[in-house]
Structures are given as C-alpha cells and as structure tokens.
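Visitor: Please take a close look at one part of this structure with me. Start from a single residue, and then go on to whatever else is worth seeing.

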Amino acid sequence: MHLSPLQSRLAASFIASCLLIVLYLTLYSPNFALAAELQDAPPIMILDDVDSDLDVSLGAVSDLESPLDPMYEPEFAAFDRSILGRRQVRDTNVLKNNEAFPLNVVQGITERFVFELSQLSEEEPEEERSLELRDEAHISEAQEQDEEEEEEEKEEDDDNFHDKELATEPANSNLVVSSEQRLGKRQQGARQLFISANTCLQPQAINATKTIQPPPQLTLYISTSTDNVEPGPEADASTQTSMIFKEGAIMYNFTTTSDVYVGVHAPNMTDLFEGPYNMKIHISTDGYYYSYSVEEDADLIWVDSDSQGALLITHNLTESNDEKEQQKYMEKPPYVLFAQDKSDPSINGVKYSFCGLEQYAQIATTKDGKYSNMVSTGMTKRGQGNYPKQQFFFSGLKPSTSYIGILANVTNPNPGSSNIAGSGGHVFKATNFQTKSGKLFSRDPGSSANQVGTTNAAQELIQPDHGNCNIVLNLTFCDQVAYSVPSNPNFGNASVLAKFYDDYAAEAYGFFKKALAQVACEAPVAQRYSLTRNCSDCEAAYKDWLCSVTIPRCEDFSNNASYLHPRAMSQPFPNGEMLDNTTLSLYKEKYGDGKSLSTAFMQSRSSRIDEFVKPGPYKEVLPCDYLCYRLVQSCPSSMGFSCPLPGQKGFNSSYYIKNETNGEVVCNYPGSAHIFSAATKDVVSVALTVAVLVVVSLLLAC
C-alpha cells in the first residue's frame, strides 16, 4: 500500500517511539510502590548520636511496658534526669527571681528550693527586647523590599533578575543569623545570681537562766548539678557549696548556666531550744535583697549622751554642693536605727539580720512599719561640711549603761515594689555608746584612765551622780551645738534649757557685732585690717569660739578622764547634796596647794550658769585651743582678743589641745562627736605624709 507523505511521517514517528520505550525498559528496571496491611509491631526508635550499647532491637523494645501505663518511667542510658523530668524535686519550694520566700524551718529539717533558670528568658532586659524588635523590623523591611524588587524585576530579563537576587540575599541572611545568635546566647548564656537570706525568728532557750548562748545558725547549701537536686548535710559534699549563716544573715553570689538547687538546714538542738526558725530567702539577678557590712567603719557616730538619752548621727549622706541634690536627702530620712543594752543577749544570733533586729531589738526606729516613741529622727546639716546627715535621739535609756546602736537602711527606688534588690534591708557595723550618771567607783582625780574602778583601796570612793548633764540640740543661734550641757531637773525640760543657753550666746554675739561695726569691713582690700582675712571670717570664728565657751560640754563628775576639768565644786547637787570633805581634799592636793582650789574649780566658767541653772558639781570638756587661735588670726587686733599658750597661767582651765586618737572627745568644738576611726586615720595619714617628705628630702639632698 502506497502511503502518502503525511502518513509516512506518522508511521516513522510511531515506530521510533515504540523503539524508545523498548530501549528504556531494557536498560532500566523501575520499581513501583505497593501498599499492604502489616501486622502490629512495637515502634522502633530512631536516635541520633546515641551510645552504641543502647539496644533498640525488636526483641528489646517489645519487652517495654506501654508508655500509657501510669507506672511507666523510661530509663535510657543516653538521657539523664535533666531531660526526662525532675521527679525528685517536684515537692520542693520554687524560687522566683526578685521574690522573697518566707517559711519556717523546723529543727533537724532541711527545706529545699529550686530556681529554674528558664524563667529568666521571660524577664529579659527591655533594651535587649527593643534591640530584637528593631532587628525583626529591619528583617521585615528587607523582605518587603525584596518582594517589591521581585515584582519590578519580573518585567526585566532573567539575567538582570538573577544579578539583583544575588546582590540582596547576603544582607537578609546576615540579619537572620544575627537574630538567631542573640536568641541562643540569651537562652544558653551564664547568669550571675545573688542569694541572700535573713533569720527573722529563732528558737528560744527552754531554760534561759542556764542556756546563755544563742541557738546555732542555719546552714545554706547550693547545688547546680543534676546529680544533686536535694542539697543538704547528707548530700555529696563535692556536688554542693555549704555556708553557715552569720548572725542570722547570709550572702552569696555565683554564675551558672543551669538550674539552682538550694537547701536550708536547721540544726537539731531541741534539748536546749524550742520552736522553729523563721527565715526569708531571696534570689535575684540584680543584687542582694538582704545585705550587711561589718568590715567597714561604722556609718553611725555617737555624738553624746546624758543619763536617759543618747544622740547619734550619720556621716555625710552626700558631699555635693548642688542644692537640689542636698534637698533630695533632706526630704526623707533614709535610715532606721536599732539599739540594745549590751548586757541583754536577745539579739545575739541575729545582729546582721534586718528582720531579726525588727523582732528582737529592745529599741527600734520602726517596727512593723511604725515609728517608735523612744526614738526621734530627722535630717540636719550640722557638723562636718554642713552637708545632709540623719540624726537619732534615743530617750528612755537606763543610766550608766553601755549600748550598741545598729544602723540599717532599705534601698527601694520603686516604692511600688517590695521585692527588688536592696528592699530587704542593709545592716551596718554596730556603734558603741553609753549613758551618763549612776553610782560608780571613782579613781584618783585626774587619772589618765577613763574607766571607773581601781585596785587601790586608799583611792576608792563611791560618788553618786545626779543626772546634772542633759542633751540639747536644734538650737537657733548656736546651730552647731548638740551635746550634754550642765543642767538641773528643777530648771525645766531640754527645750527650756536649750533656749537659756542659746539666748545667752546670741546676746553676747550682739555686743560683738556692735564692736565689729566700728571696723572698716567694706574698705578696699589694701586698706583692710588683713590681706588674707575679712570681717566674715572674724564673725564665723567668733561664733564658733563663743558657742563652745558659753555652752559648756558636760560630763559626769565621777568621770575621771585626764582631759576633763571639774567645775562648780562648791555648789550643791540638784538634790541638795554636797561633795564630801574627802573628795574635796583629794582635789585640793591634786589641783591646788593642798588647802584650797581656785575659782576655776569651785565655780562654772560663767557665773550665769550657777546663778540660774544651778547644776552643782560637773566636769567640763574644755574648748579646743585652736578655736581661740583662729579667732585672734581672723579678727582685727584692735578688738583685743588674745589666747593663753600651753604652760601659761589659765590655759589648763580654759582650753585643751585637740588630740583625739581613740574616739574620745577631748576638747569641745562645733560638731564634735565620738569618731572612733577618723582620728586614727588622720594619725596614719599625717605619719605617712611626714615619712614621704623625709624620703623626698633625702633624695634631693643626694
């Protein structure tokens, strides 16, 4: 049959296609997928990077119980407890970041806690969050830009499209990688944690007369190992850190990348003490909730005391000359104060615990958030530098008693939150002080020791003190005066007494101002009385000298420190008693000719004191000699001021050389106080300066 040209082409194409199919089937043997129902079989686990000794054969797996079995608990060699769950610690107390946890700890029991580090990823800093949001925004913007470019590039040729695509891909991939790296760092990075705790209540002695020592301290155990999720006295010591509380407080900081397990153990002393411990524990990434410092110098200064009260003050809270900065401190007192009779052991064991002091201290500025009527506090600029300070005045104290004062503060910049770092309270080193008056043993008058009592029976006397020294403060004119002054209970209260002395000094200052008005204070510099001093310097020097002289600083007559000067020995005490002849004879032999004493001993410095106040015998802390010298240097010579020098007549009964080496106030000056550490530092500093100058001089000489 003859085929047409079109049919010939069709036949040729068909034959060629058949040959190709035969050739394909000959060279390749394709497999086709089949589906068939299989018998039930246990699942085979596919694990990556698992030890070779893990048996996943059908026989081994088939022996396992069903995962739905309530008693099922998988045990795989490739996984530890941290991956499978924490069955051992499910009943422990969970600690949250910046949340204080209070609880009782029974004697002999260990309370356990867990702090899961994963919770911190939900509390990332706002700055880091905003950075991520900015990066995500950049990524979204870049992606949108790419889409717009792709739409535009569809209208262009393929080569140009590929070129632009290659140019934009690296920028996008870099942004994505950077975001992922930051996320991984936040999830896996190490965190610094601050753990602090306070003992608020402690067991009490069953027999207080026999058990003198305080109950033993709690012990803190910390573990970051999953091998030790129950730290305590019975756990492996190599997997935990243990610390004993110190006076009811503990502070510990460390860095970790894993969850933290904590144990607090209470020792078992039920044979001597009864009741549980009560404590508060806190963990934070920001700082300590509770803290204390005992190595530093005390931030509290004992100013002075009388028979029933004491005045204490802080150091400068700021030394900024900015008025707004100073006003910020003056608006609200930042500190609270606790006081305790040293012979009372009730605060032993909790001296560094803020909440413990609130519970056990005899006297507290605040208790349960309420101010005590035994302590008054306020802000003042009196004292060194005229910078803001906080002062405390205690009343209702016992005469002739030694106390300790413990300063504390709460740092909380956010009043709406009570759990942030610093909110638990910071306790400072204690300050010692004592009250005046009482029946004490007297030494030989003028003895260098200021402690009463002696082994020399011939010099031993019992002298009654009569509480004739009283603290005055917040004076209007002599605003730097805050100490005990000669007093008499029959004269009036402290406010009346303060006004008497302040008015007397202000009256004398008025006479001085009239005399100074005769001096050409406003004359040109070359015509003034001094090229280095002016009338303002004279006024300030006279006021400091005047207030120290007209308002004597008073000490008990029984205090026999060598720097004290007896006054008004011929006058009766407020209760009418007089000094006995034996005491007068001793002083006559020591300070007189054996027969009599000068008026500097028999009367007060100012006759006005004996006339109106009538304090009776007391001893005066003499003004510092430099106050007189500065007055002479600062004022015109025409005013006739002069000062006796050491060794000259009148010096020993008028002034004393300032030389404070052990916290004693040996002479009176504006803002004087018992600063135990500063004087020692001054001595060391002066000695070091002298040594340096000597060395430099020797080097120059060579």
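Guide: Let's start with T314. Setting aside the neighbours within four places in sequence, T314 is in contact with D299, I301, Y335, K389, Q390, F392 and L407, where contact means heavy atoms within 4.5 Å. Before we go on, you should know that this is a predicted model: local features need pLDDT of at least 70, side-chain atom pairs count only at pLDDT 80 or more, and totals for chains, interfaces and linings use all residues. Residues are numbered from 1 along each chain as its sequence is written, and side-chain values use heavy atoms, with hydrogens and water left out.

Back to T314, which you'll find in strand β14 (residues 310–314). Helices (H or I, at least four residues) and strands (E, at least two) are DSSP runs, numbered from the N terminus. T314 has a relative accessibility of 1%, so it counts as buried. That word has cut-offs: buried means under 20% relative accessible area, exposed over 50%, and partly exposed in between (1.4 Å probe, protein chains only).

Now for R630, which sits in helix α13. With a relative accessibility of 32%, R630 counts as partly exposed. Apart from neighbours within four places in sequence, R630 is in contact with R533, A541 and D544. Look at D544 in particular: its side chain makes a polar contact with the side chain of R630, at 3.0 Å. A polar contact is a pair of N or O atoms within 3.5 Å; within protein, one must be able to donate a hydrogen and the other to accept it, and residues adjacent in sequence count only if both atoms are side-chain atoms. R630 also gives you a nice example of chain folding: R630 and Y542 are 88 residues apart in sequence, and their C-alpha atoms are 8.7 Å apart in space.

Helix α13 also holds one end of a disulfide, so let's turn to those. A disulfide here is a pair of cysteine sulfur atoms within 2.5 Å, and a search of the whole structure finds seven of them. In one of them, the sulfur atoms of C628 and C643 are 1.8 Å apart. The torsion about this S-S bond is -100°, and the link is left-handed. It joins distant parts of the chain, with C628 in helix α13 (residues 625–634) and C643 in the loop between α13 and α14 (678–701), 15 residues apart. C628 is buried, with a relative accessible area of 2%.

Next comes the disulfide of C478 and C547, with an S to S distance of 2.0 Å. The torsion about the S-S bond is about -80°, so this disulfide is left-handed. C478 lies in the loop between β26 (469–472) and β27 (483–486) and C547 in helix α9 (residues 535–550), so the pair ties together parts that are 69 residues apart in sequence. Both ends are buried, C478 at 1% relative accessibility and C547 at 7%.

Helix α9 takes part in another link: C521 and C535 form a disulfide with their sulfur atoms 1.8 Å apart. The torsion about that S-S bond is about -85°, so this disulfide is left-handed. C521 is in the loop between α8 (494–516) and α9, while C535 is in helix α9, 14 residues apart. At 8% relative accessibility, C535 counts as buried.

Remember the loop between β26 and β27? N474 has its place there too. N474 has a positive phi of about 60° although it is not a glycine. At 56% relative accessibility, N474 counts as exposed. K614, in the loop between α12 (607–613) and β30 (618–621), has a positive phi as well, near 55°, and is not a glycine. K614 is partly exposed, with a relative accessible area of 49%.

Last stop: empty space. The structure holds two cavities of 30 Å³ or more. On a 1 Å grid over the protein atoms alone, a cavity is a set of points where a 1.4 Å probe fits but cannot get out, and lining residues have an atom within 4 Å of a point. About 30 Å³ of space lies in the second largest cavity. T199, Q202, P216, Q217, L218, G248, Y277 and G349 form its lining.

Key. 1 Å grid on protein atoms, 1.4 Å probe; cavity = no way out; pocket = protein on both sides within 12 Å on 5 of 7 lines; lining within 4 Å. Points joined across faces, edges and corners; volume = space filled by probe spheres on them.
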